Amino acid sequence: MTAPAGPRRPALLLVTDLAYQARGRRYCDEDIFLAARLREAFDVALCHPRDAAALLGRFELALVRNSGPVLHYREAYDAFRGRAVELGVPVYNPLDGRGDMAGKGYLVELSRGGFPVIPTVDRAADLGLLPGAGAYVVKPKLGADSVGLRFVGPAEVAGELEKEGEGVLLVQPRVDFRYEVSFYFVDHDFQYALYAPDPERRWVLEPYAVSAEDLAFARRFIAWNSLDHGIQRVDACRTAEGDLLLVELEDLNPYLSLDRVDEDVRDAFVARLKRSLAALAS
């Protein structure tokens with residue numbers, strides 16, 4: 001006699017590039033771990049971002065994880081987004097994020113709005129809004145994972161912007177900072193924080209004890225982004241004066257550094273992620 005079937009499980013497409021080589025991180029290990037844990041609640045299949053549009057129709061939910069910088073597969077990513085809208089398949093994170101998902105132009109918007117971010121402009125005419133510095137960071141607005149980032153002297157900044165055209169590059173003063181710290185959220189719920197005590201070793205991370213002021217800082221950007229669901233990572237730097245300034249708001253496929261947290265923290269994160277995915281799929 002055949003045993004009765006259990007409750008139907010949602011089919012989840014986990015979009016990842018297991019072969020992507022990230023500096024100082026093992027993307028593949030994290031997504032293999034997550035896939036194994038998510039199979040406790042979902043029927044899970046993994047696919048490369050270039051295959052996601054073609055496969056999406058077979059699934060009820062797509063989770064974009066460590067899929068690498070979108071600039072490496074822009075056409076395929078746009079096709080995936082269009083297909084998700086066409087089919088009405090929920091994507092996690094949702095596609096209306098205002099942070100890195102939409103490019104780094106939000107840093108200009110936040111800077112103009114008086115938010116605690118590294119001062120940022122994208123036009124030569126606005127360079128006077130930046131504080132004086134011995135060197136400036138120039139990076140593509142659509143960049144990720146430090147692709148295209150370079151340091152230039154004050155005399156070179158205007159030329160760099162004009163060479164690429166208005167609105168293509170971002171310029172920031174090079175900031176002296178004590179350390180970088182990242183705050184990790186699922187939906188609007190804070191999960192954990194990690195920091196890099198050595199500024200020269202960005203991905204050698206340790207658990208970070210969050211103060212009430214730190215958490216208020218991070219929550220301000222989560223509230224600004226207004227995503228109902230999703231994993232977000234608020235990256236900040238602690239300046240020499242002791243202030244926190246936003247570096248990036250990662251809301252597309254933030255690496256989670258789950259290998260750097262204790263098992264109980266990791267288990268709590270996975271449990272919260274499962275609940276969030278289940279709510280989006282229902």
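Entry 1, S257. I looked up S257 and found it in the loop between β12 (244-250) and α7 (263-281). The model is a predicted one. Phi of S257 is near 50°, which is positive, and the residue is not a glycine. I then checked burial: the relative accessibility of S257 is 3%. Buried means under 20%, so S257 counts as buried.

Entry 2, D187. I looked for another positive phi outside glycine and noted D187, with a value of about 55°. D187 sits in the loop between β8 (177-186) and β9 (189-196). Is D187 buried or exposed? I read a relative accessible area of 9% for D187, so I entered this residue as buried.

Entry 3, peptide bond at N93. I went through the backbone for omega and stopped at the bond from Y92 to N93. That peptide bond is cis, and its omega is near 10°. I placed N93 in the loop between β4 (91-92) and α4 (106-112).

Entry 4, cavity. How many cavities of 30 Å³ or more does the structure hold? I found one. The space in the largest cavity comes to about 40 Å³. I listed its lining as V15, P49, V64, S67, Y73, Y77 and F80. By class, I put six of the lining residues down as nonpolar and one as polar, with no charged residue in the lining. S67 is the polar one, since Val, Pro, Tyr and Phe count as nonpolar and Ser falls among the others.

Key: Residues numbered from 1 in each chain as written. Predicted model: local features only at pLDDT ≥ 70, side-chain atom pairs only at ≥ 80, totals over all residues. Heavy atoms only, no water. 1 Å grid on protein atoms, 1.4 Å probe; cavity = no way out; pocket = protein on both sides within 12 Å on 5 of 7 lines; lining within 4 Å. Points joined across faces, edges and corners; volume = space filled by probe spheres on them. Helix = DSSP H or I, 4+ residues; strand = E, 2+ residues; numbered from the N terminus. Buried < 20%, exposed > 50% of the residue type's maximum accessible area, 1.4 Å probe, protein only.
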